[in-house]
Amino acid sequence: MRHINVGLLGMGNIGTGTYKTLEMNKECIARNTGLDITISRILEKDVLRERDVTVDMSQFTQNPDDVLNDPSIGIVIELLGGIEPATSFMLAALRNGKHVVTANKAAVAKNYSQLMKTARDNGVMIRFEAAVGGGIPILNALTSQLLSNKCMEILGILNGTTNYILTQMAQNGLAYEDALKDAQAKGFAEADPTADVEGHDVANKLSILISMSFGERIPPEDIPTVGITGISMADIEKASAEGKKIKLIAQAKRKEGGGVECSVGPMAIPADSPLAGVNNEFNAIYIVGNAVGELMFYGKGAGPLPTGSAVMGDVIEIGLTSAMFR
Ligand code: HSE
């Protein structure tokens, strides 16, 4: 059995979901992989918050150096959210020879090149499966199986909060504000849900997807983006009367002469199309490769456990492939 100590930066909703995923499945992970994974140190201010997991108070610290400079920690999971101090902490961990796993799409989309280069320069890995599509293993597919393809097109529903709001408005007649409150209570929304409803969260995810599938760097601020705040119940009813559903759609397509055209915005799509059947916090990514043809990935795109599953998947993948743990 190989032992791995992991440091956790941030124990909010996703940090707790990650901790719980490991707590529920520690034995099964050990049996299947030969890895004995322990979250040994946790950077978190709110130590008294009620959490549905067993955490020893001595695991908590309020000093980032206790995680970033601890030589017994081989992998740092960053779940603080926001661009800073998250990016600086990830860069420090990489420079200290630690692998990094994060769900932070804003930080990865903004600092993609610097984070990837710092990981390469220091001979360690940075992985962020949980940053795009929650529990859906889309980045893993793009960086392994699908490398045999040239990606031609991506179309996706990439935000659980807005998809939940649009579904609840259309199916249950819920008012926008009530549906948003529900999504927040279920742990789908960002700390500031403006990022969700204005489409910026989707732009971050699309920017990451484009980097990893088209090999082009398009910063999120260069992606034309419209959110769902302008969508009224009347718009939803009108779409429904026309046999359509309104969805917040991210799209990217390879251009004939080179480059990628992309955008994020609400679209009325035929109710019998595959993306129209993606409801509530579920996400879906439709992708066209020049060899494989059309593929569709579907699953829960938000929520503590689906996201925790993706985070722990990255930790395990690093544990299985890094020479550090042999
Ligand atoms: N706020 C995000 C969403 C969380 O609703 O999709 C998952 O990235």
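Which residues are linked with Lys105 in a network of salt bridges? In this predicted model, the partners turn out to be Glu190, Asp201 and Lys205. What makes this group a handy place to start is that Lys105, Glu190, Asp201 and Lys205 also turn up among the residues around the ligand.

The rest of the ligand's surroundings can be filled in from there. Besides the charged network, the neighbours include Asn159, Gly160 and Thr161, a run from Phe188 through Ala189 to Glu190, and then Asp196, Gly301 and Ala302. Some of these residues come with specific atom pairs. Phe188 contributes through its backbone, with an N or O atom placed 2.7 Å from a ligand nitrogen. Asp196 works through its side chain instead, where an N or O atom sits 2.7 Å from a nitrogen of the ligand. For Asn159, a polar side-chain atom lies 3.4 Å from a ligand oxygen. As for how much of the ligand is covered, the protein takes up 94% of the 250 Å² of accessible area that the ligand has on its own.

Back to the charges. Across the whole structure the search comes up with 10 salt bridges. One of them pairs Asp36 with Lys26, side chain to side chain, at 3.0 Å from N to O. Asp36 belongs to strand β2, which covers residues 35-43, and Lys26 to helix α1, which covers residues 13-33, so this bridge ties together parts that are 10 residues apart in sequence. Neither end is hidden from the surroundings: Asp36 counts as partly exposed at 24% relative accessibility, and Lys26 also counts as partly exposed, at 31%.

The bridge between Glu44 and Arg51 has another setting. Here the side chains meet at 4.0 Å, N to O, which just fits the cut-off, because a salt bridge needs the nitrogen within 4 Å of the carboxyl oxygen. Glu44 is buried, with a relative accessible area of 14%, and Arg51 is buried too, with a value of 14%.

Then there is the bridge between Asp121 and Lys117, with N to O at 2.7 Å. Both residues sit in helix α4 (residues 105-121), and they are four residues apart, or about one turn of the helix. Asp121 is exposed, its relative accessible area being 52%, while Lys117 is partly exposed at 44%.

Helix α4 comes back into the picture with the aromatic rings. The count of aromatic pairs comes to three. One of them brings together Tyr112 and Phe128, whose ring centres are 6.2 Å apart and whose planes stand at 75 degrees, so this pair is edge-to-face. Tyr112 is part of helix α4, whereas Phe128 is in the loop between β6 (126-127) and α5 (138-142), so the contact ties together parts that are 16 residues apart in sequence. Both rings belong to buried residues: Tyr112 has 12% relative accessibility, and Phe128 has a relative accessible area of 4%.

Another aromatic pair has its own geometry. The rings of Phe282 and Tyr298 have centres 5.0 Å apart and planes at 10 degrees, so they are stacked. This pair links distant parts of the chain, with Phe282 in strand β10 (residues 282-289) and Tyr298 in strand β11 (residues 293-300), 16 residues apart. Phe282 counts as partly exposed at 23% relative accessibility, and Tyr298 is likewise partly exposed, with a relative accessible area of 48%.

That leaves the cysteines. How many disulfides does a search of the whole structure find? The result is zero. Take Cys151: its closest cysteine sulfur is the one in Cys262, and at 12 Å that is too far for a bond. The same pairing appears from the other end, since the sulfur of Cys262 has its closest cysteine sulfur in Cys151, 12 Å away. A disulfide would need the two sulfur atoms within 2.5 Å. Both cysteines count as buried, Cys151 at 7% relative accessibility and Cys262 at 14%.

Notes: Residues numbered from 1 in each chain as written. Predicted model: local features only at pLDDT ≥ 70, side-chain atom pairs only at ≥ 80, totals over all residues. Heavy atoms only, no water. Helix = DSSP H or I, 4+ residues; strand = E, 2+ residues; numbered from the N terminus. Buried < 20%, exposed > 50% of the residue type's maximum accessible area, 1.4 Å probe, protein only. Phe/Tyr/Trp six-rings, centres within 6.5 Å; stacked < 30°, edge-to-face > 60°. Near = heavy atom within 4 Å. Polar contact = N/O pair within 3.5 Å; in protein donor to acceptor, adjacent residues only side chain to side chain. Areas by Shrake-Rupley, 256 points an atom, 1.4 Å probe, with all protein chains shown as cover.
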